[in-house]
Amino acid sequence: MINGLTLGSVYAIVALGYTMVYGIIQLINFAHGEVVMIGAMVAYTVIVALTGANTGLPAAVIVLAGLLAAIPACMGVGYTLERVAYRPLRRAPRLAPLITAIGLSIILQHLALIIWSRNPLPYPQIVAIVPYHLSSAPDGATITNVQIAIIAGSFAMMGLLLLLVYKTKLGIAMRATSQNQQVAGLMGIDINKIISLTFVIGAALGAVAGVMVGSYYGIAHYQMGFILGLKAFSAAVLGGIGNLAGAMLGGLLLGVIEALGAGYVGDLTNLCNLAGWSDALAARCEADSNLTLFGSNYQDVFAFLVLIVVLIFRPSGLLGERVSDRA
């Protein structure tokens with residue numbers, strides 16, 4: 001459950017980027033996963049540079065510096081994507097921006113490959129891992145300081161985003177634009193500015209998610225955003241695409257489903273040895289509980305099974321509303 005909540009928190013943050021863009025212009029931005037990847041890569045570059053320079057800064061300050069560099073970089077990428085690629089296609093048939101998004105995803109992957117190489121990059125593990133035991137049993141559950149930071153940070157950002165959308169003038173403008181762009185424009189709202197800000201906010205959340213992934217799993221790769229993005233999209237569909245609370249719920253549920261599935265369904269040996277694990281099996285299970293986002297043999301299956309089931313039985317998602325198409 002702890003591993004699932006940690007992973008689900010990351011999914012929720014990335015899914016918010018998908019659901020915000022879809023909610024305002026009905027576009028699935030499949031390049032959003034690559035924005036997350038760029039955030040992880042930029043933060044990696046800054047963290048390695050500061051660590052290698054022996055600045056003597058505390059580990060938390062170095063990670064924060066990487067995050068502060070990643071956020072504006074991703075915001076710039078998000079704005080550029082909307083301004084250059086998506087805005088000219090805003091009135092085109094829906095298939096055109098969808099294909100464009102897939103093409104942009106491939107372009108960003110290969111740009112990252114050129115800049116950072118094709119090799120997996122080991123994130124400097126400068127933050128000391130401090131485990132906290134939740135049970136007095138020798139094999140009881142533990143949670144680390146990094147997991148606590150990821151979960152707490154994710155919930156804080158989700159709360160701030162809800163306040164932004166529902167309690168500020170910018171949020172009112174975003175919701176008005178989502179409901180009807182033409183009427184919102186007649187009421188004095190700058191539609192292009194609001195849509196660009198939506199992309200920028202989603203990209204900033206993606207940057208934070210990228211740093212979380214790199215810090216927690218200790219690795220970054222130019223293809224890391226592809227599967228992560230697809231899973232976050234599945235989480236958004238699970239909760240209800242276009243619904244902020246649904247994206248949060250879908251991300252958390254998907255993370256828990258994957259963790260439980262990988263732990264108890266993916267490896268049949270676990271089922272046969274639940275009563276008494278050997279040392280070797282315990283080590284294997286410990287490794288399985290910290291699988292990378294792009295290297296698991298089991299986790300990836302559950303995300304897309306959930307997506308298929310939801311699309312079949314409830315296409316609107318858990319918190320989505322059935323709405324009729326506007327003429």
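**Exercise 1. In which helix is the place of Thr177?**

Solution. Thr177 has its place in helix α6, which spans residues 169-179; helices (H or I, at least four residues) and strands (E, at least two) are DSSP runs numbered from the N terminus. The model is a predicted one, in which local features need pLDDT of at least 70 and side-chain atom pairs count only at pLDDT 80 or more, whereas totals for chains, interfaces and linings use all residues. Residues are numbered from 1 along each chain as its sequence is written, and side-chain values use heavy atoms, with hydrogens and water left out.

The next step is the surroundings of this residue. Thr177 counts as buried because its relative accessibility is 1%, where buried means under 20% relative accessible area, exposed over 50% and partly exposed in between (1.4 Å probe, protein chains only). Once residues up to four places away in sequence are set aside, Thr177 touches Ile24, Ala184, Ile189, Ile191, Ile194 and Ile195, a contact being heavy atoms within 4.5 Å.

**Exercise 2. Describe how α6 packs against α1 and against α8.**

Solution. Two packed helices are described by the angle between their axes and the distance between the axes. Axes are lines fitted to C-alpha atoms, for helices over the stretch in contact, and angles run from 0 to 180 degrees between N-to-C directions.

Take α1 to begin with: the axes of α1 and α6 are 6 Å apart, at an angle of about 55 degrees. α1 is therefore oblique to α6, since angles under 35 degrees count as roughly parallel, over 145 as roughly antiparallel, 65 to 115 as roughly perpendicular and the rest as oblique. On the α1 side Met20, Gly23 and Ile24 take part, and they meet Met174, Thr177 and Ser178 of α6. This contact of α1 with α6 comprises three nonpolar, three polar and no charged residues; Ala, Val, Leu, Ile, Met, Phe, Trp, Tyr, Cys and Pro count as nonpolar, Asp, Glu, Lys and Arg as charged, and the others, Gly among them, as polar.

Turn now to helix α8 (residues 191-217), which packs with α6 at an angle of about 105 degrees, the axes being 10 Å apart. α6 is therefore roughly perpendicular to α8. Leu170, Ala173, Met174 and Thr177 of α6 make the contact with Ile191, Ile194, Ile195, Leu197, Thr198 and Ile201 of α8. By class, the contact of α6 with α8 has eight nonpolar, two polar and no charged residues.

**Exercise 3. Characterise the packing of α1 with α5.**

Solution. Helix α1 (residues 2-25) and helix α5 (residues 145-167) have axes that come within 9 Å and cross at roughly 30 degrees. α1 is therefore roughly parallel to α5. The residues in this contact include Leu5, Ser9 and Leu16 of α1, together with Ile151, Phe155 and Met158 of α5. Across the contact of α1 with α5 there are 13 nonpolar, five polar and no charged residues.

**Exercise 4. Is Tyr222 buried or exposed, and which residues is Tyr222 in contact with?**

Solution. Tyr222 lies in the loop between β4 (219-220) and α9 (224-239), and Tyr222 counts as buried because its relative accessibility is 9%. Leaving aside neighbours within four places in sequence, Tyr222 is in contact with Met37, Met41, Gln109, Ala112, Leu113, Ser117 and Arg118. For Leu113, which is 109 residues from Tyr222 along the chain, the C-alpha separation from Tyr222 is 5.8 Å.
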